[in-house]
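Hello,

Here is the structure I promised to pass on to you. Please have it open while you read, as my notes below go through it place by place.

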Amino acid sequence: IQQTANEPVTLTLYSTGVKIEFGTSGWRGKIGQDFVYSNVVRAVQGIAEYYKDKIKQGIILIGFDPRKNNDLLAQETACILAANGIKSKIIKEEPTPTPVLAYLANSSNGEIAGVINFTASHNPAIDSGLKFSPYHGGAADKSATDAISQFANTAKTYQMISYASAKNIGLIAEMSVEEAVNKYVFTYVIP
């Protein structure tokens, strides 16, 4: 995990030889082989470029499952988005179930423009991944995932800012897992 600046900085992306290929909304890989920091940063910068090109407004909700380092990668993702001028809301204190993230996006009346969820879903525990879902919380279509992959694979640099700085200037907001789950349970499961 990188040390970050108080102001947005541009950093060089290093090639690992891995091509980022999104399928079924996400990109997955073996932890420590394909799914490494450099590749995650590349994928997130690809999502940031897609947002700036196609989405252009709304916040990105960030969550994660309990796989190795997903909590830290979620925070780094918020920093990359913030350095690109994209607001995010992160559930950073503990893992959040995927259906909760999807519901929060779908029920946000357009406030949430997309979700980045660090999960490899049903894949073995030695894998991890990240998924991008648009405002409706469901799977991103092929044109979106192809564009994200293209942006990620052609990126030479990425943007970064410190978490504390981005939070202080309002580019990162935090949501408790309790608030997220309660919203899901009491407005969807038991209305």
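**Surface patches**

Phe186, Tyr188, Val189 and Ile190 make up a nonpolar patch on the surface, and together they have about 440 Å² of accessible area. Please keep in mind that this is a predicted model. Within the patch, Ile190 sits in the segment after α6. Ile190 counts as exposed because its relative accessibility is 51%, and the cut-off for that class is over 50%.

There is also a charged patch to look at. Glu93, Glu94, Glu178 and Glu179 come together on the surface as a patch of negative charge. One of these residues, Glu179, belongs to helix α6, which covers residues 177–189. With a relative accessible area of 41%, Glu179 is partly exposed.

**Salt bridges**

How many salt bridges does the structure hold? The count is eight, and I picked out a few of them for you.

Let me start with Lys54 and Asp53, whose side chains meet in a salt bridge with an N to O distance of 3.6 Å. Lys54 is exposed, at a relative accessible area of 54%, whereas Asp53 is partly exposed, at 38% relative accessibility.

Another salt bridge joins the side chains of Lys89 and Glu111, at 3.8 Å from N to O. This pair links distant parts of the chain, with the two residues 22 places apart: Lys89 is in strand β4, while Glu111 is in the loop between α3 (98–106) and β5 (112–118). Glu111 is partly exposed, and its relative accessible area is 43%.

Then there is Lys167, which forms a salt bridge with Glu174; their closest N and O atoms are 3.4 Å apart. Both partners have some access to the outside: Lys167 is partly exposed at 38% relative accessibility, and Glu174 is partly exposed with a relative accessible area of 36%. These two residues are also part of a network of salt bridges that links Lys92, Lys167 and Glu174.

**A buried residue in β4**

Strand β4, which we met above through Lys89, spans residues 88–90 and also contains Ser88. Is Ser88 buried or exposed? Ser88 is buried, because its relative accessible area is 3% and anything under 20% falls in that class. Setting aside residues up to four places away in sequence, Ser88 touches Ile59, Ile60, Ile62, Ala78, Leu81, Leu171, Ile172 and Ala173.

**Backbone angles worth a look**

Two residues other than glycine caught my eye for their phi values. Asn69 has a positive phi of about 65° although it is not a glycine. You will find Asn69 in the loop between β3 (59–64) and α2 (70–83), where the residue is partly exposed at 38% relative accessibility.

Ser121 also has a positive phi, near 55°, and is likewise a residue other than glycine. Ser121 is placed in the loop between β5 and β6 (127–134). Its relative accessibility is 29%, so Ser121 counts as partly exposed.

**The loop between β6 and α4**

Finally, two residues in this loop. His136 is found between β6 and α4 (142–154), and its relative accessible area of 32% makes His136 partly exposed. Which residues does His136 contact, leaving aside its neighbours within four places in sequence? They are Ala102 and Asn106. By contrast, the C-alpha atoms of His136 and Glu7 are separated by 32 Å, and these residues are 129 places apart along the chain.

Gly138 lies in the loop between β6 and α4 as well. Gly138 is partly exposed, with a relative accessible area of 28%. When neighbours within four places in sequence are left aside, Gly138 is in contact with Ser25 and Ser133. Gly138 and Ala166, for their part, are 28 residues apart in sequence and 28 Å apart in space, taken from C-alpha to C-alpha.

That is my tour. Do write back if you would like to go through any of these places together.

Best wishes

Definitions and conventions: Residues numbered from 1 in each chain as written. Predicted model: local features only at pLDDT ≥ 70, side-chain atom pairs only at ≥ 80, totals over all residues. Heavy atoms only, no water. Helix = DSSP H or I, 4+ residues; strand = E, 2+ residues; numbered from the N terminus. Buried < 20%, exposed > 50% of the residue type's maximum accessible area, 1.4 Å probe, protein only. Contact = heavy atoms within 4.5 Å. Patch = residues over 30% accessible without salt bridge, like charges linked within 9 Å, V, L, I, M, F, W, Y side chains within 5 Å. Areas by Shrake-Rupley, 256 points an atom, 1.4 Å probe, with all protein chains shown as cover. Salt bridge = Lys/Arg side-chain N within 4 Å of Asp/Glu carboxyl O. Lys, Arg positive; Asp, Glu negative; His and termini not counted. Charge placed at Lys NZ, Arg CZ, Asp CG, Glu CD.
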